[in-house]
Amino acid sequence: VGAQQVVDRIVARINGDILTLSEMRELAGFQQLTGAKPASENELIRQLVDQWIVSTEARAEQFPRPSEAAVGQAMEKLEKQFASPEAFRSRLREAGLTVGAARRLLERQIHLLQFLDQKFRAAAQVEPAQIDTYYRQELVPQLAARGQQAPALESLQEQIRELLVQREISRLSAQWIGESRANVKVEILAARSGP
C-alpha cells in the first residue's frame with residue numbers, strides 16, 4: 001500500500017455538516033484578496049459557522065441566488081481595485097485562490113448579504129432625528145477633521161438614511177446570528193492549518 005496523502009481535513013462539525021480546512025483557507029485567502037483584516041483560525045471557523053447559519057436559513061426560505069450579471073459586476077468591481085489585471089492575478093496567487101474560487105466566494109458573500117438585507121430591511125426603521133444626529137455628531141466632525149465643509153443636510157438625507165438602515169441591518173443580523181449560533185451544535189476540531 002502506497003503512502004496516503006491527506007487532501008483536506010475537517011475543522012468543525014455543525015449539525016451534521018462539516019467545515020473543512022480548505023474552506024477555512026479559501027475564506028482567509030478571500031479576505032486577503034479584498035484587503036480585510038486577517039482573522040485567526042478560530043475567528044475564521046466562527047465566520048464559517050455564521051455563514052453556514054445564514055446559508056441554511058436562506059436555503060430553507062428558498063432565497064434566490066444572485067444573478068450571473070450581478071456576480072459579474074461585483075467581480076469587475078473587485079478587479080478594478082487593482083492597478084492592472086496582472087496585479088489582480090498576482091494578488092489571487094498570493095492569496096492562494098483561482099479566479100473561479102474568488103468568483104464563487106464573491107457570489108456566496110452577495111447571496112448572504114442580500115438574504116440578510118431582505119430579512120431585516122423592514123425592521124430597520126430610521127427616524128429623522130437619527131439622520132440629524134448622524135449628520136451633526138458624525139459626518140460634520142469627520143469632514144471638519146479633513147478640512148472639508150459638510151454639504152447641507154437636505155442634500156444628504158437619503159444617503160444618510162440608507163447608511164443608517166445598513167447599520168441597523170448589520171446590528172439585527174449580528175443579533176440573529178448570535179441567537180441562532182446558540183441553537184446549533186458546533187464541534188470545533190483541531191484548527192491548526194499545518195500538516
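The legends below describe close-up views of salt bridges in a predicted model.

Residues are numbered from 1 along each chain as its sequence is written, and side-chain values use heavy atoms, with hydrogens and water left out. Because the model is predicted, local features need pLDDT of at least 70 and side-chain atom pairs count only at pLDDT 80 or more, while totals for chains, interfaces and linings use all residues.

**View 1. A salt bridge within helix H4 joins Arg91 and Glu94.**
A salt bridge is a side-chain nitrogen of Lys or Arg within 4 Å of a carboxyl oxygen of Asp or Glu. For Arg91 and Glu94 the N to O distance is 3.9 Å. Both lie in helix H4 (residues 85-95), three residues apart, about one turn of the helix; helices (H or I, at least four residues) are DSSP runs, numbered from the N terminus. Arg91 is partly exposed at 27% relative accessible area, and Glu94 is exposed at 52%. Here exposed means over 50%, buried under 20%, and partly exposed in between (1.4 Å probe, protein chains only).

**View 2. Arg121 forms salt bridges with Asp117 and with Glu162.**
The closest N and O atoms are 2.9 Å apart for Arg121 and Asp117, and 2.8 Å apart for Arg121 and Glu162. The pair of Glu162 and Arg121 links distant parts of the chain, 41 residues apart: Glu162 is in helix H7 (residues 153-181), and Arg121 is in the loop between helix H5 (99-120) and helix H6 (128-145). Arg121 is partly exposed, at 31%, and Glu162 is also partly exposed, at 31%.

**View 3. A network of salt bridges links Glu43, Arg46, Asp50 and Arg181.**
By the rule given in View 1, the model has 17 salt bridges.

How values were computed: Helices (H or I, at least four residues) and strands (E, at least two) are DSSP runs, numbered from the N terminus.
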